[in-house]
Amino acid sequence: MRVWPRSLAARTAVVLVAGLMVVQVAGLTIHAFDRVDVQQLAQSREIVNQVQGIHRAVVATAPDRRATVLASLPRGPGVSAALSPGPPVTDLPEMALPRRRFWLLMGAGAEGPDGRNDGVRPNRPFGMGMAGGVAYGGVQWHRVVLGFPLPGGGWLNFDARTDPPSPWLSPTFMAAFGLMTCVAAALTFWAVRRLTAPVRILARAAEALGRDVNAPPLPENGPLEIATAAVAFNTMAGRIRRFVDDRTALLAAIGHDLRTPITRMKLRAEFMDDDELRAKMLADLEEMQAMVAATLAFGRDARTTEPLGSLDLVELIRTILDETGDANPGAADRLRYDGPAHLPVKARSLAMKRALTNLIANAVAYGGAARVRLSPPAAGLVTIAIEDDGPGIPPAEMERVFEPFHRIESSRNRETGGTGLGLPIARDIMRAHGGDVTLANRAGGGLRATVTLPV
Ligand SMILES: Nc1ncnc2c1ncn2[C@@H]1O[C@H](COP(=O)(O)OP(=O)(O)O)[C@@H](O)[C@H]1O
Ligand SMILES: [Mg+2]
């Protein structure tokens, strides 16, 4: 079992709630100690009152009647009083001075008229109760043993005990602790979720930027730190956008500038005497021109910031298959679609059409067939498999064919008219949609191009 949660919200909440519980236990403990003090004070007051009453009554009585009087006096629970020839016998330690004084003076009723233990009282000289008295008791006040020598001989001994208070087991303590913890936890969870919401928004924005450099910017409001992060994120997105645009513009510019020299070279080649050499030269220049044209087209496509829209993927695939069939009447009966009748996705329709067209055209050109199979969304991804019956691609070339202008040697001689930009463009477009294109040879021969696309 993992104790430490993974999410920031949960971690913050755990730390806060634990901290709050510690603070509460500390606070409630201080409170409980205060209450214990007050309670003990009240308890000792109570005992003092009883001791005082009994002591006074006994002292005022003639020695021979003291036992009868003592037996008739009421006393509370925990207090016992007895007449004895000598001082009390106990294994409790003798009290230290201030406390001893308190108990003996108070017990003998030697406090002031307002109840204060000032020892000043007209008919009782200061310290009278103290004289000869003994007091035993531990540090705790739960039990005291007092002995007062009586005028006329003998002792009056007390043994008083009180229940020690137990503040932690009290239902109020538990209820207060439980209630405060629950309320604090609820508030914490609510606040933490609110506070960490911007992090989730940021994560979603980063994800969206990966799919679409032109994704709308983050709102730059909210708490200062979040707003700062949003501004930084938007700045970064802007830089990436500019970087991509600059590169594409550069590509288009190079392509554009190469057109003129190629045209000039073609004109000059016409004047070459050697027929064979001239034909080869012209063929090469023709190829160069095609590559430049493809580069320009690519640059133009990449720069058009077509907005994301809703489109039916199945309808798009059917359209492409129809058009491919029209362009290659011989292969028309080897084009097939297999899958659901409709599948709406969010995509740039022109780009998406170009990417799928490139893959289907390859299947037809190099594999003589195109079987498109669309799998319904699983784990947020749709999969489009495009299979053909051609020779496939040697494993070593499987990734290289995605490089611009890279064509497998055997297909150069074929009259396919390609320039080697079809696959890189298809992959570029799919990745810009957050998906990808991969190639694999089929077990039974032929190639399978697999497109994954998030929905
Ligand atoms: N379905 C396929 N079967 C066999 N080879 C393929 C297939 N698709 C692509 N290729 C190889 O990958 C190379 C690059 O493809 P692509 O980028 O579309 O460029 P082009 O089609 O213009 O040559 C092709 O020249 C071809 O050799
Ligand atoms: Mg191609």
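Let's start with F405, which is partly exposed, because 13 other C-beta atoms lie within 10 Å, and the class "partly exposed" sits between exposed, at 12 or fewer, and buried, at 20 or more. Keep in mind that we are looking at a predicted model. You will find F405 in the loop between β9 and α9, the helix at 409-413. Now look at the backbone there: F405 has a positive phi of about 70°, although it is not a glycine. Here is some background for that remark. Most residues other than glycine have a negative phi.

Which other residue than glycine has a positive phi? A379 does, with a value near 55°. A379 belongs to the loop between β8 (370-378) and β9 (381-387). Is A379 buried or exposed? A379 counts as exposed, because it has 5 C-beta neighbours inside 10 Å, and the limit for exposed is 12 or fewer.

Let's move on to helix α8, which runs over residues 349-367. How far apart are the end C-alpha atoms of α8? They are 26 Å apart, and that agrees with the 27 Å we should expect, because α8 has 19 residues at 1.5 Å a residue. This helix is mostly covered, with 14 of its 19 residues buried. Just after α8 comes G368, which takes a positive phi of about 70°.

α8 also brings us to ligand 1. There are 21 residues around ligand 1, and the closest are N362, I408, G418, G422 and L423. Which helix gives the largest share of that shell? The answer is α8, with five residues. Both α8 and α10, the helix at 422-432, supply at least two residues of the shell. If you sort the shell by class, you get nine nonpolar, 10 polar and two charged residues.

Last stop: a pair of helices, α4 (residues 171-211) and α5 (residues 224-269). Their axes come within 11 Å and cross at roughly 5°. That angle makes α4 roughly parallel to α5, because angles under 35 degrees count as roughly parallel. Where do the two helices meet? On the α4 side look for P198, L202, A205 and L209, and on the α5 side for I226, A229, F233 and A237. The residues of this contact divide into eight nonpolar, no polar and no charged.

So have a go at finding these places yourself in the structure above. Thanks for listening!

Note on methods: Residues are numbered from 1 along each chain as its sequence is written. Chains are lettered from A and ligands numbered from 1 in the order in which they are written. This is a predicted model: local features need pLDDT of at least 70, side-chain atom pairs count only at pLDDT 80 or more; totals for chains, interfaces and linings use all residues. A residue is near a molecule or strand if its C-beta atom, placed from the backbone, lies within 6 Å of it. Helices (H or I, at least four residues) and strands (E, at least two) are DSSP runs, numbered from the N terminus. Ala, Val, Leu, Ile, Met, Phe, Trp, Tyr, Cys and Pro count as nonpolar, Asp, Glu, Lys and Arg as charged, and the others, Gly among them, as polar. The expected span of a helix is 1.5 Å times one less than its number of residues. Axes are lines fitted to C-alpha atoms, for helices over the stretch in contact, and angles run from 0 to 180 degrees between N-to-C directions. Angles under 35 degrees count as roughly parallel, over 145 as roughly antiparallel, 65 to 115 as roughly perpendicular and the rest as oblique. Two residues are in contact if their C-beta atoms, placed from the backbone, lie within 7 Å.
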